[in-house]
Amino acid sequence: MRVTIRLFARLRDLAGAAELLREVPTGATVDTVWQTLAAEFPAMAPYRSSISAAVNADYARLTAVVGEGDEVAFLPPVSGG
Amino acid sequence: MSDALLSISPEPVDVARVMRLATQADGDPPGRHGAVATFLGTVRGEHLGRRVLFLEYEAYEPLALKAFRIVAEEISGHWPSARLALHHRVGRLELGEVSVVIAAASPHRAEAFAACRYAIERVKQIAPIWKREVFDGGEAWIEGATADPSDAAAKQTAYERACG
């Protein structure tokens, strides 16, 4: 199945894209999507311990299961304010 | 600027408007509140010994608005009489410009101050907003907190700062 990956700030710079479409297996979790991404962009791998994630613009755990067409966002540590 | 209590846009912040929105939230009649505490975040020209030239803010807007709503709900839980209005800017901001304005209105000042402080602490902890710092000699994304709205320790830290 296909998911849309949204990337922000430094993660976007590392990927060179704000949005990617990727195939992941049925039953994939947010973590599966992250592993797919980290394999493609190894410079992102160290972020695993500090990212948070969202599915369809709601905060989600790495263990959350994703579905066909979902928007999966990865958020590097935030710095608003 | 929209009339929404919680908003994000590239437009300059209208502080008076955000204050008014806080006092009129929930259809509150004039005179319900005796205090409005405001916080303005402004672009500082120094960071980690670097001379900052300007900042670029970006947000994952739909989630950032949800984060603001989470903060507003937490405030309602801690200080039921307080009303929150918040506007965060995105895009390029020059030194001294206002990046965020928070107004907390309440019948009495203690709740207004506490709610306002709590709001900025929580925004910094959980809102998916990032700043890229362009400084004399380079540029860098600033990375602060891992955003987790359910992190009880982070909530407790914000609450203690608000009441400290």
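Student: What makes chain A agree with a compact globule?

Tutor: This is a predicted model, so we work with its computed coordinates. With 81 residues, a compact globule would have a radius of gyration near 12 Å, and chain A has 12 Å, which agrees. Its C-alpha atoms fill a box of roughly 35 × 25 × 20 Å along the principal axes.

Student: Which elements is chain A built from?

Tutor: Two helices and five strands. Along the sequence, the pattern of chain A is β-α-β-α-β-β-β.

Student: Why is chain B called as compact as a globular protein of its length?

Tutor: Use the globule rule again. For 164 residues the rule gives 15 Å, and the radius of gyration of chain B is 16 Å; the two are close, so chain B earns that description. As for its make-up, chain B has four helices and nine strands. From the N terminus they run β-α-β-β-β-α-β-β-β-α-β-β-α.

Student: How do you know that α3(B) is largely enclosed by the rest of the structure?

Tutor: Count neighbours. A residue is buried if 20 or more other C-beta atoms lie within 10 Å of its own. In α3(B), 15 of the 18 residues pass that test, so the helix is largely enclosed. For chain B as a whole, 40% of the 164 residues count as buried.

Student: What span should α3(B) have, going by its 18 residues?

Tutor: The expected span is 1.5 Å times one less than the number of residues. For the 18 residues of α3(B) that comes to 26 Å, and the end C-alpha atoms are 26 Å apart, so value and expectation agree.

Student: What makes a group of residues a nonpolar core, and how many residues has the largest one?

Tutor: The members must be buried residues of the listed nonpolar kinds, joined through C-beta atoms within 7 Å. The largest such core has 72 residues, and Val33(A) and Ala64(B) are among those with the most contacts inside it. Helix α3 of chain B, residues 109-126, gives the largest share, nine residues.

Student: Which residues does Val33(A) touch?

Tutor: Leaving out residues up to four places away in sequence, Val33(A) touches Val3(A), Ile5(A), Val24(A), Ala28(A), Val66(A) and Val72(A).

Student: How do you know that chains A and B are in contact?

Tutor: The test is C-beta atoms within 7 Å. By that test, 18 residues of chain A are in contact with 26 residues of chain B. On the chain A side, α1, β3, β4 and β5 each give two or more residues. By class, that side has 10 nonpolar, five polar and three charged residues.

Methods. Residues are numbered from 1 along each chain as its sequence is written. Chains are lettered from A and ligands numbered from 1 in the order in which they are written. This is a predicted model: local features need pLDDT of at least 70, side-chain atom pairs count only at pLDDT 80 or more; totals for chains, interfaces and linings use all residues. Two residues are in contact if their C-beta atoms, placed from the backbone, lie within 7 Å. Ala, Val, Leu, Ile, Met, Phe, Trp, Tyr, Cys and Pro count as nonpolar, Asp, Glu, Lys and Arg as charged, and the others, Gly among them, as polar. A residue is buried if 20 or more other C-beta atoms lie within 10 Å of its own, exposed if 12 or fewer, and partly exposed in between; C-beta atoms are placed from the backbone. The radius of gyration is taken over C-alpha atoms; the globule rule is 2.2 Å times the number of residues to the power 0.38.
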